[in-house]
Amino acid sequence: MVLKCSHTSILSQDSREKLHYESVWSAPSAGSNIGNQQPQYLSKVGRSSLKPILERIHRNNRGQGKGTTGLLDVGCGNGRNSFLAASIGFSVDALDISSSAIELAKNSRPDADIRFLNTSFFEFAAPDEGYAAILDDGFFHHLRPACHEYYVEKIRQLLRPDTGRFILVHLVDTESNRAQRHYIDDPNAIHFTRLYKPENINEIFSTQGFTTLKVEPDADASGREFSIHLLSAVHD
Ligand SMILES: C[S@@+](CC[C@H](N)C(=O)[O-])C[C@H]1O[C@@H](n2cnc3c(N)ncnc32)[C@H](O)[C@@H]1O
């Protein structure tokens with residue numbers, strides 16, 4: 001399938017964010033827990049509120065004999081959520097554009113049965129069989145809007161058409177997040193972050209037939225407020 005998108009937008013998006021995240025993930029603090037002030041993604045502990053959601057998806061797939069329990073962790077960072085998903089029983093593919101992140105993930109638990117890939121999501125050549133679940137914790141909200149269409153279409157392509165579930169964790173558009181300046185809404189900056197309300201997510205993902213099954217609030221130790229969106233797409 002040919003994806004409609006400006007190649008230039010993706011190249012610009014990826015080169016900027018890679019520059020930013022290589023420095024984040026190669027910093028000495030990235031390999032250790034440095035207390036409550038750090039963003040949650042630098043912690044080695046998976047997001048606890050994801051556990052029951054992942055468990056339910058895994059149970060439903062198994063219980064109904066629907067085959068694969070493959071999960072793709074998009075922008076996996078140090079792999080904290082990939083390890084969580086693997087412990088639940090998913091067969092995990094995890095990718096990140098930052099080679100430093102992938103090194104950290106691989107070295108963190110060398111024995112883990114996870115396929116860690118150093119690639120951009122936009123370059124990723126998917127396996128033929130779709131994933132039962134795709135997880136994006138903290139990548140989407142760093143996408144410049146020019147890349148949204150490509151992103152949503154690719155998520156839909158990669159997801160199993162019948163039972164696939166997409167879990168999106170993003171920073172919410174709240175007074176508190178705005179006050180704490182957890183966003184840099186400037187497409188020309190090296191690192192971009194946009195805050196979203198649930199209706200924004202519904203609108204962006206409905207373009208590919210996604211519907212929201214559930215939205216849950218979440219927060220990290222430093223007070224950032226997140227939403228966990230569970231989406232599914234019915235393919236025509
Ligand atoms: C905020 S971190 C979240 C890490 C992880 N999901 C977590 O929750 O711990 C965002 C991650 O997305 C990665 N990333 C950015 N652009 C990417 C792209 N085009 N393809 C794959 N990963 C990307 C970054 O390198 C970074 O590790």
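# Exercises on a predicted model

In this predicted model, 5 of the 5 residues of strand β1 (residues 70-74) are buried, so β1 is largely enclosed by the rest of the structure.

**Exercise 1.** Describe the surroundings of strand β1, starting from the directions in which the residues of β1 point and ending with the sheet to which β1 belongs.

*Solution.* Begin with the strand itself: G70, L72 and V74 point one way from β1, whereas L71 and D73 point the other way, and all of them are buried. Next, look at the pairing with β2, which is parallel and extends over 5 bridges; within that pairing, L71 has V92 in β2 as its bridge partner. Finally, place both strands in the open sheet of 7 strands, whose order is β3-β2-β1-β4-β5-β7-β6 and whose pairing is mixed. The edges of this sheet are formed by β3 (114-118) and β6 (210-219), each of which pairs on one side only, and the twist from one strand to the next averages 15 degrees.

**Exercise 2.** Determine which residues of the largest nonpolar core touch the most other members, and then list the contacts of A85.

*Solution.* The core comprises 57 residues, of which L71, A85, Y131, A133, I134 and F166 touch the most other members. Turning to A85, and leaving aside residues up to four places away in sequence, one finds contacts with L54, L71, D73, F90, V92 and L135. Among these contacts of A85 are L71 and V92, the pair that forms a bridge between β1 and β2.

**Exercise 3.** Characterise the shell around the ligand by its nearest residues, its contributing elements and its composition.

*Solution.* The shell holds 20 residues, and those that come nearest to the ligand are Y21, Y41, G75, G77 and G138. The elements giving two or more residues to this shell are α1 (7-26), α3 (80-88) and β2 (91-96), with α1 giving the most, namely 3 residues. By class, the shell divides into 9 nonpolar, 6 polar and 5 charged residues.

**Exercise 4.** Analyse how α1 packs against helix α4 (residues 99-108).

*Solution.* Consider the geometry before the residues: the two axes come within 7 Å and cross at roughly 35 degrees. On the α1 side the contact involves Y21, E22, W25 and S26, which meet S100, A101 and L104 in α4. The residues of this contact divide into 4 nonpolar, 2 polar and 1 charged. Y21 is also one of the residues that come nearest to the ligand.

**Exercise 5.** Is N177 buried, exposed or partly exposed, and which residues that are distant in sequence does N177 touch?

*Solution.* N177 lies in helix α6 (residues 175-179). N177 has 19 other C-beta atoms within 10 Å, and because the cut-off for a buried residue is 20 or more, N177 is classed as partly exposed. Not counting residues up to four places away in sequence, N177 touches L171, V172, H182, Y183, L195, R224 and E225. For R224, which is 47 residues apart from N177 along the chain, the separation of the C-alpha atoms is 6.1 Å. L171, another of these contacts, stands opposite F226 in β7, and β5 (residues 165-171) pairs with β7 (residues 225-233) in the antiparallel sense over 6 bridges. Helix α7 (residues 198-206) lies across β5, β6 and β7, and runs at about 145 degrees to β6.

Notes:
Residues are numbered from 1 along each chain as its sequence is written. This is a predicted model: local features need pLDDT of at least 70, side-chain atom pairs count only at pLDDT 80 or more; totals for chains, interfaces and linings use all residues. A residue is near a molecule or strand if its C-beta atom, placed from the backbone, lies within 6 Å of it. Helices (H or I, at least four residues) and strands (E, at least two) are DSSP runs, numbered from the N terminus. Ala, Val, Leu, Ile, Met, Phe, Trp, Tyr, Cys and Pro count as nonpolar, Asp, Glu, Lys and Arg as charged, and the others, Gly among them, as polar. A nonpolar core is a set of buried Ala, Val, Leu, Ile, Met, Phe, Trp, Tyr and Cys residues joined through C-beta atoms within 7 Å. A residue is buried if 20 or more other C-beta atoms lie within 10 Å of its own, exposed if 12 or fewer, and partly exposed in between; C-beta atoms are placed from the backbone. Two residues are in contact if their C-beta atoms, placed from the backbone, lie within 7 Å. Two strands pair if DSSP finds at least two bridges between them. Axes are lines fitted to C-alpha atoms, for helices over the stretch in contact, and angles run from 0 to 180 degrees between N-to-C directions.
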